[in-house]
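Hi,

Here is the structure I promised to send over. Have a look at it first, and my notes on what turned up are underneath.

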Amino acid sequence: MIHLYAVCRQAPHELPATGVDDAAPVAVEVGSLVAVVSEHERPPEVSEANALAHAEVVASVSDTTTTLPVRFGSHHLDRAALRANLEERQASLIRTLEAVGDAREVVVRATVRADDPSADRPAPSDQADAPGRAYMEERLATETERRVREEAAGTALAAATATLASRARAVRDLRGRRGPERSFLVPREDAEAFAADARAVTVDLPGAVTGGPWPPYTFTTDEATS
Amino acid sequence: MNGPLPSAAERRNLRAPTDETPRLGGDASLVDLLDRVLERGVTITGDVVLSVAGVDLVHLGVRLILTGIDERSEAL
């Protein structure tokens with residue numbers, strides 16, 4: 001069983017000693033690509049610990065070579081199957097690798113909580129015994145209110161980070177799981193300074209959280225890098 | 001990277017993504033990285049789908065991890 005971490009154009013200079021389930025990551029040449037994988041006798045456990053192990057390996061690989069991070073959970077029967085699956089996608093993977101280049105991802109998120117604690121209204125769970133219509137109207141009102149807060153947070157986030165956008169090679173605005181987020185694809189040499197500046201310009205933005213520099217997880221499709 | 005990577009056993013003892021992990025980021029931003037690892041990144045369709053009664057176990061496991069992360073991040 002093969003667990004796939006990342007796809008690169010060149011083999012990384014070094015690999016961490018352990019990855020998912022403590023297995024040693026290795027580099028495997030597939031045509032003009034290099035896959036970073038680990039081999040397992042049993043399917044790796046789908047756990048938070050292994051997701052972090054996956055992230056550690058991808059981060060290490062991307063420190064030394066241009067890297068496309070692979071989403072956690074890509075399993076292949078053996079090296080032959082891995083080769084077949086990658087060769088099928090080779091052209092588009094090379095195109096994306098070249099578009100991403102030697103860049104890192106920095107994200108700023110504006111946290112919007114599921115329910116506004118300042119709202120003077122019972123929580124939806126308190127209404128569960130109410131007639132169905134009233135309950136559903138309450139849920140709808142809560143969701144509408146959250147959408148309005150998300151839109152306001154997204155507008156404030158875009159305004160606060162407007163000066164950063166011109167320094168990025170690409171920008172993606174997404175509705176994240178915790179609120180609107182703006183991801184920046186930044187040249188590696190500017191990534192640390194960019195993250196520091198992102199923290200500085202959002203210091204007064206309510207609920208702002210800055211992450212990165214990380215491997216470019218959000219920029220792994222052709223349209224994301226254009 | 002400062003110091004050796006933690007073993008899988010040590011990582012299992014991580015209580016929450018709020019623990020200090022300098023390479024990946026600390027405090028609340030680590031939940032954003034886990035979102036990326038689990039929901040973004042390039043998708044290479046594997047030829048192994050682990051399932052029970054038609055349920056994809058990897059997909060189910062990922063949803064469970066994300067639910068746990070959401071619950072913790074609400075408390076941050």
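Glu150(A) is buried, because its relative accessible area is 7% and the cut-off for buried is under 20%. One thing to keep in mind throughout: this is a predicted model. The side chain of Glu150(A) meets that of Arg146(A) in a salt bridge, 3.4 Å from N to O. Arg146(A) counts as buried too, at 15% relative accessibility. Both residues sit in helix H3 of chain A, 4 residues apart, which is about one turn of the helix.

There is another pair in that helix. Arg147(A) and Glu143(A) form a salt bridge whose closest N and O atoms are 3.5 Å apart. These two also lie 4 residues apart in helix H3 (residues 132-160) of chain A. Here the side chains have some access to solvent: Arg147(A) is partly exposed at 42%, and Glu143(A) is partly exposed at 34%.

For a salt bridge of another kind, look at Arg167(A) and Asp197(A), with closest N and O atoms 2.7 Å apart. This pair links distant parts of the chain, 30 residues apart: Arg167(A) is in the loop between helix H4 (162-165) and strand E7 (170-176) of chain A, while Asp197(A) is in helix H5 (residues 188-201) of chain A. Arg167(A) is partly exposed, with a relative accessible area of 31%, and Asp197(A) is partly exposed, also with a value of 31%. Back to the helix H3 residues: Glu143(A), Arg146(A), Arg147(A) and Glu150(A) are joined with Arg175(A) into one network by salt bridges that share partners. Over all chains, the structure holds 20 salt bridges.

Now for where the chains meet. How many salt bridges are there between chain B and chain A? The count is 7. One salt bridge across the chains brings together the side chains of Arg177(A) and Glu39(B), at 3.6 Å from N to O. In terms of contacts, 48 residues of chain B touch 54 residues of chain A. Interface size is often quoted as the accessible area lost when the parts come together. For chain B and chain A that buried area is about 4,400 Å², with carbon and sulfur atoms giving 56% of it.

Thr210(A), in strand E9 (residues 208-214) of chain A, has a contact across the chains as well. Setting aside neighbours within four places in sequence, its contacts are Val106(A), Val107(A), Val108(A), Ala195(A), Ala198(A), Arg199(A), Thr202(A) and, from chain B, Ser29(B). Thr210(A) is buried, with a relative accessible area of 10%. Strand E9 of chain A also holds Pro213(A), and a cis peptide bond joins Gly212(A) to Pro213(A), with omega at about 5 degrees.

Chain B has 76 residues, 42% of which count as buried. It has 3 helices and 2 strands, in the order α-α-β-β-α along the sequence. Of its contacts between residues at least 6 apart in sequence, 50% join residues at least 24 apart. On the surface of chain B, Val55(B), Leu57(B), Leu60(B) and Leu64(B) make a nonpolar patch of about 340 Å². Helix H3 (residues 57-75) of chain B gives the largest share of the patch, 3 residues. Leu57(B), which is in that helix, is partly exposed at 35%.

A few more spots in chain A. Is Tyr5(A) buried or exposed? Tyr5(A) is buried, at 0% relative accessibility. It lies in strand E1 (residues 2-8) of chain A, and its contacts beyond four places in sequence include Val36(A), Val37(A), His54(A) and Val70(A). Tyr5(A) is also 8.9 Å from Leu68(A), C-alpha to C-alpha, though the two are 63 residues apart in sequence.

Helix H1 (residues 48-64) of chain A has 14 of its 17 residues buried, so it is largely enclosed by the rest of the structure. Its end C-alpha atoms are 25 Å apart, in agreement with the 24 Å that 17 residues should span at 1.5 Å a residue.

Finally, two backbone oddities. Phi is positive in Asp21(A), near 55 degrees, and in Asp22(A), near 65 degrees. Asp21(A) is in the loop between E1 and strand E2 (26-30) of chain A, as is Asp22(A).

Cheers

Definitions and conventions: Residues numbered from 1 in each chain as written. Chains lettered and ligands numbered in written order. Predicted model: local features only at pLDDT ≥ 70, side-chain atom pairs only at ≥ 80, totals over all residues. Heavy atoms only, no water. Patch = residues over 30% accessible without salt bridge, like charges linked within 9 Å, V, L, I, M, F, W, Y side chains within 5 Å. Areas by Shrake-Rupley, 256 points an atom, 1.4 Å probe, with all protein chains shown as cover. Salt bridge = Lys/Arg side-chain N within 4 Å of Asp/Glu carboxyl O. Buried < 20%, exposed > 50% of the residue type's maximum accessible area, 1.4 Å probe, protein only. Expected span 1.5 Å × (residues − 1). Contact = heavy atoms within 4.5 Å. Buried area = accessible area lost by both parts, 1.4 Å probe.
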